[in-house]
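Please open the model in your viewer and keep the selection panel at hand. The tour proceeds by selections, each followed by a description of what is found there.

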Amino acid sequence: QVQLVESGGGLVQPGGSLKLSCVATGFSFSLYEMNWYRQAPGKERELVATIANTPGVTNYADSVKGRFTISRDNTKFTVSLQMNSLRPEDTAIYYCNAKPPTTWTLQTTYWGQGTQVTVSS
């Protein structure tokens, strides 16, 4: 029943822009912290961006700070990642992730299927 469905991945030239979206169903989206992770070949999965439930505080990895923007729309059960000034090193599979409040005893996280972002000339 729980699903995180991503869209927007693809091939883009260096310096270009891309917007990823993730639509959530099957859980209380507005109560969850939402995250974008990425994993490049031969590297471990890394946290790219985080947005809190309320009041919507955001955090970014140093490598993307100033270039990427995470946002959410709780009325549409959607979290997005706007990626600007893309670099080849941004090439990775990007994953949408939902994390429950830390006060909950059940700490089940949900993951999207992943979407490929390739930055190349």
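Which hand does the link of Cys 22 and Cys 96 have, judged by the angle about the S-S bond? Before answering, note that this is a predicted model, and then select both cysteines and display their sulfur atoms.

**The disulfide**

The structure holds one disulfide, and this disulfide joins Cys 22 to Cys 96 with an S to S distance of 2.2 Å. The angle about the S-S bond is -80°, and the link is left-handed. Colouring by strand helps here, since Cys 22 belongs to strand 3 and Cys 96 to strand 9 (residues 92-99), so that the pair links distant parts of the chain, 74 residues apart. Both cysteines, Cys 22 and Cys 96, are buried.

**From Cys 22 to Thr 78**

Keep Cys 22 displayed and add Thr 78, which is found in strand 8 (residues 78-83). Thr 78 counts as buried, because its relative accessibility is 14% and the cut-off for that term is under 20%. Leaving aside neighbours within four places in sequence, the contacts of Thr 78 include Cys 22, Val 23, Phe 29 and Asp 73. A polar atom of the Thr 78 side chain also lies 2.8 Å from the backbone oxygen of Lys 76.

**Along strand 8**

Move next to Ser 80, which is found in strand 8 as well and is buried, with a relative accessible area of 9%. Measuring between C-alpha atoms, you should find Ser 80 and Trp 36 at 8.7 Å in space, although they are 44 residues apart in sequence. Not counting residues up to four places away in sequence, Ser 80 touches Trp 36, and its other partners include Lys 19, Thr 69 and Ile 70.

**The nonpolar core**

Now select Met 34, Trp 36, Val 79, Leu 81, Met 83 and Tyr 94, which touch the most other members among the 28 residues of the largest nonpolar core. Two or more residues of this core come from each of strand 3, strand 4, strand 5 (46-51), strand 7 (68-73), strand 8, strand 9 and strand 11 (115-119). Centre the view on Met 83, whose contacts, not counting residues up to four places away in sequence, include Leu 18, Leu 20, Phe 68, Tyr 94 and Val 117.

From there, go to Thr 115 in strand 11, a residue that counts as buried at 13% relative accessibility. Among the residues in contact with Thr 115, once neighbours within four places in sequence are left aside, are Glu 6, Gly 9, Leu 20 and Tyr 94.

**The aromatic rings**

For the next selection, show the aromatic side chains; a search of the whole structure finds eight aromatic pairs. One to examine is that of Phe 27 and Tyr 110, whose ring centres are 5.0 Å apart and whose planes meet at 40°, so the pair is tilted. Because Phe 27 lies in the loop between strand 3 (18-25) and strand 4 (33-39) and Tyr 110 in strand 10 (residues 110-111), the pair ties together parts that are 83 residues apart in sequence. Phe 27 is buried, with a relative accessible area of 15%. Extend the selection to Phe 29, Tyr 32, Phe 77 and Trp 104, which ring pairs link into a cluster with Phe 27 and Tyr 110.

**A charge over two rings**

Finish at Arg 45, whose charged end sits over the ring of Tyr 95, 4.0 Å from its centre. Then add Trp 111 to the view: Arg 45 lies over the face of this residue too, at 4.4 Å from the ring centre.

Conventions. Residues are numbered from 1 along each chain as its sequence is written. This is a predicted model: local features need pLDDT of at least 70, side-chain atom pairs count only at pLDDT 80 or more; totals for chains, interfaces and linings use all residues. Side-chain values use heavy atoms; hydrogens and water are left out. Rings of Phe, Tyr and Trp (its six-membered ring) pair if their centres lie within 6.5 Å; planes under 30 degrees apart count as stacked, over 60 as edge-to-face and the rest as tilted. Helices (H or I, at least four residues) and strands (E, at least two) are DSSP runs, numbered from the N terminus. Buried means under 20% relative accessible area, exposed over 50%, partly exposed in between (1.4 Å probe, protein chains only). A charge sits over a ring if NZ of Lys or CZ of Arg is within 6 Å of the ring centre and within 35 degrees of the ring normal. A disulfide is a pair of cysteine sulfur atoms within 2.5 Å. A polar contact is a pair of N or O atoms within 3.5 Å; within protein, one must be able to donate a hydrogen and the other to accept it, and residues adjacent in sequence count only if both atoms are side-chain atoms. Contact means heavy atoms within 4.5 Å. A nonpolar core is a set of buried Ala, Val, Leu, Ile, Met, Phe, Trp, Tyr and Cys residues joined through side-chain atoms within 4.5 Å.
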